[in-house]
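Good morning, and thank you for coming. Please look at the sequence and the structure on the screen, and I shall then take you through some of their features.

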Amino acid sequence: MANLERLTRIVNSPGRGLLGADARGGLHWLDRELNVLRSSNSSAPSQDPAGDPIYAVTLVDDWIITRDKTGTISRWHADTLRLSDRLDAAATADASLLLEGEQPAPTMLRGIGVWDGKLYTNNGYFQVVVIDLETFTIERITEWPHGYDMLEWFCTDAPGVHAVSDRSGRIHLGSLPDLSFPTVVQVDTSNVHRVVYDARHNRLWALGDAGLGETRNIANGVITVALDGTVGERFDYARNDVEGLVFSPDFSRAYTGGFDGELLIFDNTDPQLRVAERVGGFSHQIIDITVDEHGDVYTLTQDGEVTALTADGTVRARLGYERQCVWDLQPVPGDDRALLAATDDGTAALRLVEQVPGHPALVLTGQEFSGLGFTRRLVTLDDGWAGVFWPGTVRRVSGAGQVVWEREMPALSHTLGRSPDGGRLLIACNAGAIELDAATGEELSRIDDLPASAWASAYLADGSRLIATRNGVMAAYSADGEATWTTELGSYPKRLLVDGDRVRATGGGGIKEFEVGRPRLGQRFTELLDNTSENCVIADGVLVAITYGLQVAAYDHESGELLGLHEDLPDFPKGMALLRGQDGTPYVVVGGRGGFLRLYRLDRARKDSVLTAVRDLWLPASTGDYPNAGPR
């Protein structure tokens, strides 16, 4: 197959094929069997071969229009994929509306609207830019009439009304040429990734990421909205983001999918929302869906895999993308230069080598292949390690690489923690928090009377179980199941990192630090962070954080002052660890999607560059197909 970069968006073009946009700013045409027909030979920032990810893409006649993560807007020839025009994010703005020194903000906005020869989208400053499609010149730049917000989706298919969704859970109904939207409908509290016109029943379908009211951050899904803004039916079925929504050519079916890793097929022959089929077995979370003119369905998962399915959900082809990711990084007990990485096909052993002082390198010293889905999280033990695999297998492996035991969790699993003595494991999953004996895999306890899905787990220094739920409730539980400490995170969690009497919660709204037993937030690190904060480490009084915005930021731990910010990571960061060189110099390791591992030198005395990128290591691509990728 072709040497593709990870795809970030897919859209069908009748007569041309499947268009994929990638994480380096490139475009690709694929046929119905997912063979690559043509690829662009330059990224959107044409002077930079390592461009920015494309998150918004649309086709207009013989043109493709894209918007990348910085807000750069580009026009490409559809047939040749040759770059034609590029509007730089830093220049496509009304400077009178900017703060002094303001720079384009990276974000994963998906929205591009086209109507009557004009293009509408956010620029890199979240102003609305209107572009004449014939000349690709800016016609006007203005603020959104309802105040500052990020516009996520445009729907111009409904008769007599345009619909624009935002990242605050709202749908705006009105007119794009007039930029007048008198009707605003609150359908969610977070991203509304799609608003799509249902021509069979003359209504809109919308997706919710977080839920609304009593279901907020507990369950979310699909909402129907009449063209006058009246909310019809809500169908909350998901425990995580819902990203894709598309109809069959005759509107008899609707397809949705998201981070739960399922494709839902709705029977749309009647107005009432009804699920006809649930399709599982995908290698990762679904981030995009499209349908071709023949009625076949194509899903894109976060790891870059494209799956072609028939209209009823039967898998007929896979792209076979050679994925890799560093999901987690954990120190190896007894060896302060070694790390174990959770990867897309098992684990990788890494070592810090420094033959010349001050010139370190990470070296791959070994790999173990699990034969399961990707290793989402792992913990190291005195003899080996334990990991949780997508979607819900927990496995214990000895130091010699032998499988000690394996256990299936009852639901999609998210994180894994180990007790201070190494004797217990705590798995956070959609069915609650499940504690296992680390030696045998026997279930020791279960906490399932939670307000929402358990999304993060850890142990406190005294052995208490610590659980954080999707709706941002964090609680510590004693041996008899009593909640001894409860506090509010204010948003969804990703990881819980225990450091003595402190707990750091990563996730929505930055890095949050709590003193164990205290109900209120102690410290928060959020300045200039975009999107979800995935992970963090602390060294020499500096907290270093990574985000989904491809950022790595350094803060003074005591004051919270921002010391440095880089926004040029190769892809989504996930794993993070701290190592020290021969002379004690701290090095921060960041790993993520694509299998990259970037080594940063940390020196708070260097005011101009607290973090300095030293070198990158890229792990080999994952071998073979995803083993559990059956049609159901």
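In what order do the four strands of the open sheet stand? The order is S1-S2-S3-S4, and the pairing is antiparallel. I should say at once that we are looking at a predicted model.

Let us stay with this sheet for a moment. Strand S1, residues 7-13, and strand S4, residues 36-39, stand at the edges with a single partner strand each, so one side of each has no neighbour in the sheet. From one strand to the next, the twist averages 25 degrees. Strand S1 and strand S2, which covers residues 17-22, run antiparallel and are joined by six bridges. Within this pair, arginine 9 has alanine 21 of S2 opposite it.

Now to the chain overall. How many helices and how many strands does the protein chain contain? There are zero helices and 56 strands. The radius of gyration is 24 Å, close to the 26 Å that the globule rule gives for 632 residues, so the chain is as compact as a globular protein of that length. Along its principal axes, the C-alpha trace spans about 65 × 55 × 50 Å.

One part of the chain carries an annotation. An unreviewed UniProt entry lists residues 392-561 as "domain: Pyrrolo-quinoline quinone repeat". In the model, residues 392-561 are 0% helix and 56% strand, and the C-alpha atoms at the two ends of this stretch lie 39 Å apart.

Two loops deserve attention for their backbone geometry. In the loop between strand S34 (384-389) and strand S35 (393-397) we find proline 391. A cis peptide bond joins tryptophan 390 to proline 391, with omega at about 0 degrees. The other loop, between strand S10 (118-122) and strand S11 (128-132), holds phenylalanine 126. Phenylalanine 126 is not a glycine, yet its phi is positive, at about 65 degrees.

Finally, let us turn to empty space. Rolling a probe the size of a water molecule over the atoms reveals where such space is left. The structure holds three cavities of 30 Å³ or more, and the largest cavity has a volume of about 50 Å³. Which residues line the largest cavity? Among them are Tyr237, Asp241, Phe259 and Leu264. Strand S20 (231-238) and strand S22 (253-258) are the elements that give two or more residues to this lining. By character, the lining residues divide into five nonpolar, two polar and three charged.

Thank you for your attention.

Notes
Residues numbered from 1 in each chain as written. Predicted model: local features only at pLDDT ≥ 70, side-chain atom pairs only at ≥ 80, totals over all residues. Heavy atoms only, no water. 1 Å grid on protein atoms, 1.4 Å probe; cavity = no way out; pocket = protein on both sides within 12 Å on 5 of 7 lines; lining within 4 Å. Points joined across faces, edges and corners; volume = space filled by probe spheres on them. Nonpolar A, V, L, I, M, F, W, Y, C, P; charged D, E, K, R; others polar. Pairing = 2+ DSSP bridges. Axes fitted to C-alpha atoms, helices over the stretch in contact; angles between N-to-C directions. UniProt positions renumbered as here; feature names shortened; annotations may be inferred. Rg over C-alpha atoms; globule rule 2.2 N^0.38 Å.
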